[in-house]
Amino acid sequence: MAETANAGDGDARVKRMNVYTNAMGTMLVYTSFFAGTMLLPTVIKEEIGQQTVYYSMAVHSLSAALTCPFSMFIIKHFGAKISLVLGSMCCLFFYLSVIVPSGTALFITQSIFGFGLALVRPASLKFLVQNSSPSTMGRDTGIHWGWFMSSMIWGNAIALVLTKNTTDPDWLRMMVYSILATLRGL
């Protein structure tokens with residue numbers, strides 16, 4: 001009887017660690033999103049025009065809105081873990097396109113980026129539900145939302161620190177998007 005209790009404790013610890021890892025991963029994905037959104041007009045406006053940058057952000061939002069209803073089918077087919085990885089990988093294309101700016105590449109990668117974020121959000125919540133019991137759901141949801149909401153603070157803080165004292169857009173572009181792609185990959 002003691003063996004089954006210990007096995008249950010181990011399973012609960014693994015699930016709790018999954019909840020923390022999922023919350024931290026979601027926070028990192030969205031931190032890089034918020035910082036990238038703040039920095040995008042700054043780092044590539046000279047190359048392709050600021051208005052094009054804002055239109056590309058609209059394409060991103062439109063892509064996310066149009067693909068979000070289909071994300072649950074993908075999550076059901078592939079599972080939450082693979083969907084999280086797939087969604088995060090879609091977001092990397094955006095960072096690669098900013099290193100060598102092109103208007104066409106920016107629009108294409110912003111639409112892929114929108115699809116990726118539309119997949120990450122419900123997949124992370126599905127993973128949260130799979131790793132929570134009815135007695136821990138409130139705590140786990142609070143942990144997840146707390147980490148997620150903190151991403152807005154960290155993303156904007158990163159954008160502020162990196163743009164505060166620089167006038168070289170090439171250095172800024174390479175540094176910022178290397179850091180954000182690394183955060184996204186974690």
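**Rings and a greasy patch: why the labels fit**

F78 is partly exposed, with a relative accessible area of 44%. This is a predicted model, where local features need pLDDT of at least 70, side-chain atom pairs count only at pLDDT 80 or more, and totals for chains, interfaces and linings use all residues. Residues are numbered from 1 along each chain as its sequence is written, and side-chain values use heavy atoms, with hydrogens and water left out.

Me: Why is F78 called partly exposed?
Reply: Buried means under 20% relative accessible area and exposed means over 50%, with partly exposed in between (1.4 Å probe, protein chains only). F78 has 44%, so partly exposed it is.

Me: What about F148, buried or exposed?
Reply: Buried, because its relative accessibility is 9%, and the cut-off is under 20%.

Me: Why do W145 and F148 count as an edge-to-face aromatic pair?
Reply: Rings of Phe, Tyr and Trp (its six-membered ring) pair if their centres lie within 6.5 Å; planes under 30 degrees apart are stacked, over 60 edge-to-face, the rest tilted. For W145 and F148 the centres are 5.3 Å apart and the planes make 85°, so both tests are met. A search of the whole structure turns up one aromatic pair.

Me: How do you know that R121 sits over the ring of F148?
Reply: The rule wants NZ of Lys or CZ of Arg within 6 Å of the ring centre and within 35 degrees of the ring normal. The charged end of R121 is 4.1 Å from the centre of the F148 ring, so the distance fits. R121 also lies over the face of W145, at 4.5 Å from the ring centre.
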